[in-house]
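Dear colleague,

I am passing on the structure below, followed by some notes on what was found in it. Please read them with the model open beside you.

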Amino acid sequence: MLKLMQYCAYRDRSQKEVENKLLEMRMIPEAREQIIIKLMQEDFLNEERFARSFVRGKFRIKKWGRHKIIQELRLREISSPIIKLALTEISEKEYKSTLYTLAEKKLNLLRE
């Protein structure tokens with residue numbers, strides 16, 4: 001349990017990531033369920049916090065667009081309402097600004 005708490009405290013994790021880690025550790029299904037519930041109760045595992053953090057990071061650092069972010073969150077089995085909530089982390093002004101910057105860079109590459 002302590003190892004999983006450290007795993008979740010290092011960075012925000014999705015429930016699917018934690019389930020995969022428990023499968024790697026060869027935990028029985030009942031134990032996996034109990035551990036996930038305990039991690040949620042003690043706020044080590046929080047899907048909304050994970051999704052918001054994921055959106056901020058992928059947009060600001062990797063310059064991913066909304067569609068790619070949504071696709072990745074769905075792969076991680078995050079529910080649609082949480083995805084919509086997490087996407088509010090990207091302001092429309094910041095999104096358009098990044099889009100124009102990336103388009104200008106691409107245009108400069110094409111001219112040369």
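**Arg13 and the two cores**

Leaving aside residues up to four places away in sequence, Arg13 is in contact (heavy atoms within 4.5 Å) with Tyr7, Cys8, Val18, Leu45 and Phe50. This is a predicted model, in which local features need pLDDT of at least 70 and side-chain atom pairs count only at pLDDT 80 or more, while totals for chains, interfaces and linings use all residues. Residues are numbered from 1 along each chain as its sequence is written, and side-chain values use heavy atoms, with hydrogens and water left out.

Arg13 sits in the loop between α1 (2-10) and α2 (15-24), helices here being DSSP runs of H or I with at least four residues, numbered from the N terminus. Arg13 counts as buried because its relative accessibility is 10%, where buried means under 20% relative accessible area with a 1.4 Å probe and protein chains only. Its side chain reaches the backbone oxygen of Tyr7 at 3.0 Å.

The largest nonpolar core (buried Ala, Val, Leu, Ile, Met, Phe, Trp, Tyr and Cys residues joined through side-chain atoms within 4.5 Å) has 15 residues, and those with the most contacts inside it are Val55, Ile69, Leu73, Leu87 and Ile90. Two or more residues of this core come from each of α4 (47-60), α5 (66-75) and α6 (80-86), with α4 giving the most, five residues. Apart from this core lies another, of ten residues, among them Met5, Val18, Ile36 and Leu45.

Best regards

Definitions and conventions:
Buried means under 20% relative accessible area, exposed over 50%, partly exposed in between (1.4 Å probe, protein chains only). A polar contact is a pair of N or O atoms within 3.5 Å; within protein, one must be able to donate a hydrogen and the other to accept it, and residues adjacent in sequence count only if both atoms are side-chain atoms.
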